[in-house]
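Let's take a walk through a small set of charged side chains and see how they pair up. Have the sequence and the 3D view open as you read.

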Amino acid sequence: MDYLDYYHLDVGYMLSFSFNKMKEIGVRDIEVGDKILVEAVV
C-alpha cells in the first residue's frame, strides 16, 4: 500500500505466478482501507 500512497493512486494491480497445484486461479479485488488491489493469479 505504500507504493500506492507514494504515487497517489487508489487502485493497484498485482500479477502472481504460482506453480502450486492447489492454487486458486483467477482475478479478485482486495480492499485495504480506501485502496483497491486487483490480484490476478495464474
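What follows is a tour of the salt bridges and the residues around them.

Please keep in mind that this is a predicted model. How many salt bridges does the structure hold? There are three, and a general idea helps in reading them: side chains of opposite charge can pair when their charged atoms come close.

A good place to begin is Lys35, found in strand β3, which covers residues 35-41. Is Lys35 buried or exposed? Its relative accessible area is 11%, and because buried means under 20%, Lys35 counts as buried. Leaving aside neighbours within four places in sequence, Lys35 is in contact with Met1, Leu4, Asp5, Leu9, Asp10 and Ile30.

Two of these contacts deserve a second look. With Asp5, the side chain of Lys35 meets in a salt bridge, 3.3 Å from N to O. That pair links distant parts of the chain, with Asp5 in helix α1 and Lys35 in strand β3, 30 residues apart. The two side chains also make a polar contact at 3.3 Å. Unlike buried Lys35, Asp5 is partly exposed, with a relative accessible area of 42%.

The other contact is Asp10, whose side chain meets that of Lys35 in a salt bridge of 3.6 Å, N to O. Here too the pair links distant parts of the chain: Asp10 sits in the loop between α1 and β1, 25 residues from Lys35 in strand β3. Not counting residues up to four places away in sequence, Asp10 touches Asp34 and Ile36 as well as Lys35. Between Asp10 and Asp34, the C-alpha to C-alpha distance is 7.2 Å, although 24 residues separate them in sequence.

Now move along to Glu39, which forms a salt bridge with Arg28, their closest N and O atoms being 2.9 Å apart. This pair joins strand β3, home of Glu39, to strand β2 (residues 26-32), home of Arg28, across eleven residues of sequence. Glu39 is buried at 11% relative accessible area, whereas Arg28 is partly exposed at 42%. Which residues do salt bridges with shared partners join into one network? They are Asp5, Asp10 and Lys35.

To finish, turn to the surface. Tyr3, Tyr6, Tyr7 and Leu9 form a nonpolar patch there, with about 510 Å² of accessible area together. Among them, Tyr7 lies in the loop between α1 (2-6) and β1 (11-16) and is partly exposed, at 46% relative accessibility. Leu9 is also one of the contacts of Lys35.

Conventions. Residues numbered from 1 in each chain as written. Predicted model: local features only at pLDDT ≥ 70, side-chain atom pairs only at ≥ 80, totals over all residues. Heavy atoms only, no water. Helix = DSSP H or I, 4+ residues; strand = E, 2+ residues; numbered from the N terminus. Buried < 20%, exposed > 50% of the residue type's maximum accessible area, 1.4 Å probe, protein only. Polar contact = N/O pair within 3.5 Å; in protein donor to acceptor, adjacent residues only side chain to side chain. Contact = heavy atoms within 4.5 Å. Patch = residues over 30% accessible without salt bridge, like charges linked within 9 Å, V, L, I, M, F, W, Y side chains within 5 Å. Areas by Shrake-Rupley, 256 points an atom, 1.4 Å probe, with all protein chains shown as cover. Salt bridge = Lys/Arg side-chain N within 4 Å of Asp/Glu carboxyl O.
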